[in-house]
Amino acid sequence: MQKLTHFFESLLFGFRKTVIGIFAVATVALLFMATQLKLDAGFEKNIPLQHEYMQNYLKHRADFDGANNVLVSVCDTSGNIFNQYFFDTLKNVHDDVFFINGVERSLVVSLFSPATRFTEIVEGGFAGGPVIPADFNSSNPDALLKVAQNIEKAGIVGNQVSSDYSCAMVKAQLLSTDPETGEDLNMLQIGNQLETELRDKYENDRVTLHIIGFSKMIADVANGAKDVLTFFAIAIAITTIMVFIFSKSIMLTVLPIVCSLVAVIWQLGLLTLFGFGLDPMSILVPFLVFAIGVSHGVQMINAVGNKVVEGLSSLAASKLAFASLLVPGGIALLSDTVGFLTLLVIDIGIIKELAITASMGVAVIILTNLFLLPVLMSFVSFNDAYHARAKRKVANPTNWSAFAKCCDKPKAIIIVSVTAILFVLGAMQANTLKIGDLHPGAPALHEDSRYNQDTFLITDKYEITVDYISILVEAYPEACTSFSVMNAIDEFQWRMTSIEGVQSAVSLPHIAKKINAGYNEGNPKWNILPRNEAVLVQSIARIPSSTGLLNGDCSVMPVILFMTDHKAETISRVVDAVKEYRQLYAAEGLTFALASGPVGVMAATNEAVAASQNPMLVYVFGAVIILCLMSFKSLRATLSVVLPLYVVSVLAQALMTFLQIGLTVSTLPVIALGVGIGVDYGIYILSTMMRKLDEGADVHDAYLTALQERGSAVLFTGITLAIGVSTWVFSSLKFQMDMGILLTFMFIVNMLGAVLVLPALARLLWWNRKGTNKQQGDLKDAS
Amino acid sequence: MKFSYLSLLFSLIATPAVIAAQESSIASHLANKSLLLDIINIDTDRFMAVGERGHVLSGSSLDNTYQHIIPTKSTLTALTQLDNGLWAVGHDLTILHSPDMGETWLVQFQDISSEKPFLDVLFFTESHGIAVGAYGAFYRTRDGGVTWQKELNASLLHPDDQAYLDEIRELDGEEFYLEELASILPHFNRVTFANGILYMVGETGMIAQSQDQGMTWQRIEIDYDGSFFAIADTPKGLIVGGLRGNTFMQTPNGWQTITLCEEASVNSFTVLDSNTILALQNNGYYTSIDISNMDQDITCKNNTVSSIQSSEKTSILNAIRFNDQVISVSASGLSSFNNNKK
């Protein structure tokens with residue numbers, strides 16, 4: 001290890017100007033790459049594609065791509081749609097949606113689509129036609145009256161027309177690939193198109209447009225994510241001021257900030273270089289990289305500054321700081337990197353991307369802040385004013401003895417006991433941590449966002465919900481003509497309807513029964529599945545596959561369950577019931593496969609997240625433990641670092657339950673990030689302590705030395721990082737706010753853990769360590 | 001057992017009820033919200049309703065209902081009571097009986113292969129009853145339901161059809177005649193027994209009466225050939241209703257047209273008091289018909305007919321007076337409104 005440090009030291013400081021030149025060239029090149037970085041959002045990145053449910057979803061996606069749709073509700077502000085202006089607008093909206101590139105044109109449904117028909121029963125049989133006749137003239141009040149009657153007859157109130165007749169809906173489904181280019185469909189572009197080409201164009205004081213669907217949601221998230229630049233600027237400003245207060249030198253302030261920004265530039269440039277885009281959901285990562293960079297930079301300027309005050313030249317001080325910090329800093333950053341890489345085990349595209357983005361960012365900090373920064377520092381000339389300020393500080397050293405009392409035996413016992421109690425209480429609370437989204441609407445956005453308000457308006461005004469799950473009933477070709485198959489589906493649906501959380505349900509047999517009653521003069525006594533095959537065929541012949549209730553040869557017939565909400569417990573209750581009841585009805589050639597629909601996706605995501613939670617923690621802590629063991633070669637030291645970290649991550653989970661934050665794709669990585677960053681404090685403190693302990697000092701003195709060397713930097717870093725991320729609370733994105741709260745908590749409490757619990761634990765672990773000389777010490781730890 | 005030789009009545013000893021291996025009905029807390037097709041008062045303070053999936057419910061209020069688990073899942077379309085005996089009929093030609101006010105149920109008759117439903121049931125005495133249904137289904141028991149006999153009655157046909165059948169009988173023989181008769185008979189939608197006369201309405205404008213409990217029938221002519229689903233005896237005479245809200249009242253001067261407010265089929269009538277009839281219609285219409293003065297037009301236009309629509313807008317099948325309330329069954333289950341408001 002020492003040799004390696006020496007090698008790097010002579011390499012770096014032997015060719016200082018060359019090193020800076022190389023970094024400068026690389027930075028300019030990567031800055032150029034970074035400007036090419038694209039925001040990139042895909043529907044499939046957010047779902048666990050390997051999950052059983054999603055495999056079923058993908059298998060049948062060509063027939064039932066119900067999960068990625070767009071609903072545009074056009075509302076008349078007067079509360080009544082039957083006027084010329086409204087119908088003209090609705091027609092324009094329908095046509096514009098139809099022509100959006102990426103919309104499945106055969107499935108655009110509104111009053112103006114030819115498929116929207118009514119039927120009525122008359123003495124001679126059925127009569128019917130399109131709801132809006134071919135010769136419709138919106139300026140004719142009689143024509144509007146006719147349409148009003150047809151709407152009632154077609155039974156589309158609550159579905160295509162709001163229950164209070166104040167709104168009408170245009171529904172569309174999106175393809176997964178762009179039909180013009182063959183590439184993945186650009187969701188952000190479609191979402192923005194919906195805003196600029198529909199809402200901006202048609203919304204005025206007479207008509208409002210309410211648009212929901214994944215593409216719109218993710219575009220809104222992306223637009224909200226642009227605020228992140230503001231937060232970035234605020235964080236840089238706050239951090240700069242803090243660093244200046246800490247370092248009392250403009251140069252020592254500018255250098256770590258610049259090096260951290262260089263790290264961000266490198267990270268963004270490398271992302272483009274490797275062909276990745278930046279997802280709106282991981283837009284916070286560059287911010288984290290900057291924060292981590294500053295925290296390591298501060299350790300570096302602190303070390304250099306201390307040596308300069310002791311009288312060394314800039315170059316000698318930088319060399320010394322580099323040599324003393326390369327190992328702990330390197331280990332800390334390496335454990336961050338490995339910690340983030342463990343997120344790769346989670347089979348959700350967006351988390352994998354986060355893992356790559358974050359670990360890449362942290363890895364480059366090793367280069368920018370452990371290598372470049374000390375080289376730059378070696379050129380700084382410290383003026384007299386700095387020396388004078390620093391001397392005053394030395395004359396009045398920060399009084400760390402209060403902190404060091406953590407190492408007094410009784411106090412250590414108290415601290416560890418309190419920690420243990422907190423851990424037990426936290427663990428009990430953390431057990432109630434909910435998986436999934438706990439609130440209605442799109443969880444990434446605030447409840448009062450336009451998107452969520454539109455969601456609430458649509459679910460309120462229509463008898464539809466965006467929360468539905470499809471059970472894909474797989475049978476054999478022409479299975480819909482079999483009474484026993486249809487009856488099994490019908491009974492399965494009925495049993496599922498009784499499950500708490502299922503509001504209503506629809507399936508092919510459900511509709512076939514109604515049509516059978518229709519063929520029998522609309523008499524509800526005939527609302528049954530005909531046993532006679534010819535009669536059954538008659539009942540389903542009129543149901544097109546565009547209803548989403550059957551595929552072309554009716555070998556697959558989904559049962560669509562509309563749910564009261566998408567809370568995780570509701571979803572798992574319904575999914576469990578499906579698994580129970582399908583055993584009653586599954587037969588040779590008849591399976592009930594989970595799942596499609598937005599809630600089907602959530603069910604898979606929730607299960608994947610729940611299944612990932614423990615492995616992720618195991619891997620993150622495993623990585624941290626192995627790296628600590630390697631660097632400290634001491635089990636006791638490792639325990640001193642890892643135990644407080646673990647307690648804090650349990651407490652973070654407990655905090656999530658108090659704040660009603662569910663464990664989701666966006667909050668799952670937070671604990672890994674928090675552990676990755678939190679470990680830095682412990683490693684910096686303990687590396688000094690271990691040096692002292694190895695020299696034979698007792699725990700108290702070792703800790704006091706560690707505090708004098710690194711304490712102020714640790715405290716400073718924790719506070720600075722926390723202030724930076726706490727500004728996210730003001731983000732227009734809900735998930736950013738949640739992440740902000742959780743990361744603030746983890747940064748602060750991990751820091752407290754490192755300065756209070758770590759030394760107390762160390763005191764207990766080195767129980768018999770009394771003396772101040774080598775002989776009494778126990779040097780050989782089990783490791 | 002007496003058989004009138006002159007009547008065009010044929011009895012066939014029915015095959016003993018073949019009860020297929022069907023499971024019992026499914027218990028569900030949503031049964032009272034499911035499609036219910038008939039309701040009756042079974043006690044001064046208890047009602048009973050039947051409907052889809054073999055749902056049988058009894059209760060003393062809407063909030064207090066109990067689902068009876070019965071040995072079939074067939075959809076039940078009608079229910080009747082005589083003393084302590086209850087009979088429910090439905091699809092798959094199912095006849096279900098409870099001898100003890102709903103405590104226990106057994107299937108008295110069922111023919112799944114028939115692919116047709118019974119649509120109404122009526123008992124004259126504890127032992128003598130009839131069940132009627134689609135495609136001319138007419139079954140009679142004289143032993144309280146232990147055995148049921150199928151009957152085919154040509155006198156229920158339109159006179160033109162009767163003449164055609166008589167011709168067939170002469171030319172092609174008895175067997176082919178019976179086959180043709182069975183296929184030509186209309187759906188029998190509803191029976192009612194008033195003042196010793198049995199009335200039955202059905203498809204193609206069929207209204208018929210029988211003085212001998214259905215052994216022989218006389219058709220009552222009317223100038224409408226759509227389906228009738230409802231018939232009731234009112235203090236002012238018979239009222240019939242059917243497809244698209246067509247409603248008529250029998251007066252000494254013949255059938256008087258009653259013009260309802262909505263063109264939705266009438267499924268049942270409930271006599272609320274001597275002057276008020278409630279028509280239960282598809283699309284959730286409760287329609288009140290004032291028959292106090294039959295000399296005037298009974299029409300929506302002069303407010304002698306008025307409708308309200310239920311919030312669910314689902315088809316209403318039947319209703320009963322229950323204390324101060326009217327309790328109805330519909331495609332969305334049980335509901336009630338206060339009778340005084342009507």
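**Stop 1: the three-strand sheet of chain B**

Select residues 325–330 of chain B. This is strand β27, and it pairs with β28(B) in the antiparallel sense over 6 bridges. Keep in mind that the model on screen is predicted. Now pick I327(B). Which residue is its bridge partner in β28(B)? The partner is S336(B).

Widen the selection to the whole sheet. It is open, has 3 strands and runs in the order β26-β27-β28 of chain B, with antiparallel pairing. Colour β26 (316–322) and β28 (333–338) of chain B. Each of these two has a single partner strand and stands at an edge, so one side of each is left without a neighbour in the sheet. Turn the view to see the twist, which averages 25° from one strand to the next. As background, strands of a sheet pair through backbone hydrogen bonds, either parallel or antiparallel.

**Stop 2: the four-strand sheet of chain B**

Move to residues 266–273 and 276–281 of chain B. The first range is β22, and the second is β23. These strands pair in the antiparallel sense over 6 bridges. Label D273(B). Its bridge partner in β23(B) is T276(B).

Add β24 and β25 of chain B. The result is an open sheet of 4 strands in the order β22-β23-β24-β25, with antiparallel pairing. Why do β22 and β25 (305–309) of chain B each have one side without a neighbour in the sheet? They stand at the edges, each with a single partner strand, so one side of each is left open in that sense. Here the twist averages 20° from one strand to the next.

**Stop 3: where chain B meets chain A**

Show both chains and select the contact residues. There are 38 from chain B and 24 from chain A. The area buried between the two chains is about 2,600 Å², and carbon and sulfur atoms give 52% of this area. Show I26(B), R53(B) and R244(B) as sticks. Together they supply 22% of the area that chain B buries against chain A, more than any other three residues.

Next, look at charge. How many salt bridges are there between chain B and chain A? The count is 4. For an example, zoom in on E52(B) and K513(A). Their side chains meet in a salt bridge, at 3.6 Å from N to O. Across this interface, 11 residue pairs are in polar contact, with both residues at pLDDT 80 or more. Colour the chain B side by class: 14 nonpolar, 17 polar and 7 charged residues touch chain A.

**Stop 4: a salt bridge inside chain A**

Over all chains, the structure holds 27 salt bridges. Centre on one of them, K216(A) with E195(A). The closest N and O atoms are 2.7 Å apart. Show the helices on either side. K216(A) sits in helix α7 (residues 214–225) of chain A, and E195(A) in helix α6 (residues 187–202) of chain A. The pair links distant parts of the chain, 21 residues apart.

**Stop 5: two backbone details in chain A**

Select L594(A) and A595(A). A cis peptide bond joins them, with omega about -5°. A595(A) lies in strand β9 (residues 591–596) of chain A.

Finish at K633(A). Where is it placed? It is in the loop between α21 (597–632) and α22 (635–658) of chain A. Check the phi of K633(A): the angle is near 50°, a positive value in a residue other than glycine. For context, most residues other than glycine have a negative phi, and most peptide bonds are trans.

Conventions:
Residues are numbered from 1 along each chain as its sequence is written. Chains are lettered from A and ligands numbered from 1 in the order in which they are written. This is a predicted model: local features need pLDDT of at least 70, side-chain atom pairs count only at pLDDT 80 or more; totals for chains, interfaces and linings use all residues. Side-chain values use heavy atoms; hydrogens and water are left out. Two strands pair if DSSP finds at least two bridges between them. Axes are lines fitted to C-alpha atoms, for helices over the stretch in contact, and angles run from 0 to 180 degrees between N-to-C directions. Contact means heavy atoms within 4.5 Å. Buried area is the accessible area (1.4 Å probe) that two parts lose on being put together, summed over both. A polar contact is a pair of N or O atoms within 3.5 Å; within protein, one must be able to donate a hydrogen and the other to accept it, and residues adjacent in sequence count only if both atoms are side-chain atoms. Ala, Val, Leu, Ile, Met, Phe, Trp, Tyr, Cys and Pro count as nonpolar, Asp, Glu, Lys and Arg as charged, and the others, Gly among them, as polar.
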